[in-house]
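Colleague: Could you walk me through one part of this model up close, and explain the terms as you go? I am in my first year, so please take it step by step.

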Amino acid sequence: MDNFNRLLSQHRITNREISQYIGAPDNAFNKIINEMSVPAVTTIIRYVHAAEQIIGKDKVSIYRRILVDNEIDKAVSILNQISDADITELINENKEFFKSLDFYFSTTQSKKVDPFTIEERNIYAEIKEMLDYE
């Protein structure tokens, strides 16, 4: 959503304007950003469609610009390897990536709505132990 928010800013589209365009309350998009909540895919698609209508550009280029960056490419690559790889080896080969996840886990812990489940937090704690041990 950060990429999408940047795209809106570049085109001088306010959070209020994009929220109103999809028929949501004025502060709906702002609430997603501030609470770091994870919106439903359908909600994202509605916002992207609205941005396309306001900006007047092809959806594919907007999707590419907001949904894919180096960090996402890396995450998807690792996710695609998880079922086939030895987890210890995967973590060792991608230490920096897994260490960078600490930012997300630590900054979201104090939010009203935690985007991570208890199970996800426990798994990350185990990964972190593995990283700290080495």
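Modeller: Happily, and here is a short background followed by the close look.

This is a predicted model, so local features need pLDDT of at least 70 and side-chain atom pairs count only at pLDDT 80 or more, while totals for chains, interfaces and linings use all residues. Residues are numbered from 1 along each chain as its sequence is written, and side-chain values use heavy atoms, with hydrogens and water left out.

The chain has nine helices and zero strands (DSSP runs numbered from the N terminus: H or I of at least four residues for a helix, E of at least two for a strand). Of its 134 residues, 28% count as buried (under 20% relative accessible area; exposed is over 50% and partly exposed lies in between, with a 1.4 Å probe and protein chains only). Among contacts with a separation of 6 or more, 52% join residues 24 or more positions apart (a contact means heavy atoms within 4.5 Å).

Now to the part I would look at closely: S19, which sits in helix α2, residues 15–21. Its relative accessible area is 0%, so S19 is buried. The S19 side chain reaches the backbone oxygen of N15 at 2.9 Å. That pair is judged by the rule for a polar contact (N or O atoms within 3.5 Å; within protein, one must be able to donate a hydrogen and the other to accept it, and residues adjacent in sequence count only if both atoms are side-chain atoms). If we set aside neighbours within four places in sequence, S19 touches A24, P25, D26, N27, A28, F29 and Y47.

Two of those partners lead us onward. Take F29 to begin with: T14 lies 15 residues from F29 in sequence, and their C-alpha atoms are 9.4 Å apart in space. T14 belongs to the loop between α1 and α2, and its 44% relative accessibility makes T14 partly exposed. R12 is found in that loop between α1 (2–10) and α2 as well. With 73% relative accessibility, R12 counts as exposed. Its phi is near 55°, a positive value in a residue other than glycine. Why point that out? Because most residues other than glycine have a negative phi.

The other partner, Y47, takes us to helix α4. The axes of α1 and α4 (residues 41–55) are 11 Å apart, and the two helices pack at an angle of about 20° (axes are lines fitted to C-alpha atoms, for helices over the stretch in contact, and angles run from 0 to 180 degrees between N-to-C directions). That makes α1 roughly parallel to α4 (under 35 degrees; over 145 is roughly antiparallel, 65 to 115 roughly perpendicular and the rest oblique). The crossing is left-handed (the near helix is turned anticlockwise from the far one by less than a right angle; clockwise would be right-handed).

At this packing, F4, L7 and L8 in α1 meet Y47, V48, A51 and I55 in α4. The residues of this contact divide into seven nonpolar, no polar and no charged (Ala, Val, Leu, Ile, Met, Phe, Trp, Tyr, Cys and Pro are nonpolar; Asp, Glu, Lys and Arg are charged; the others, Gly among them, are polar). So Y47 is a good place to pause on screen: Y47 is in contact with S19, and Y47 is also one of the α4 residues meeting α1.
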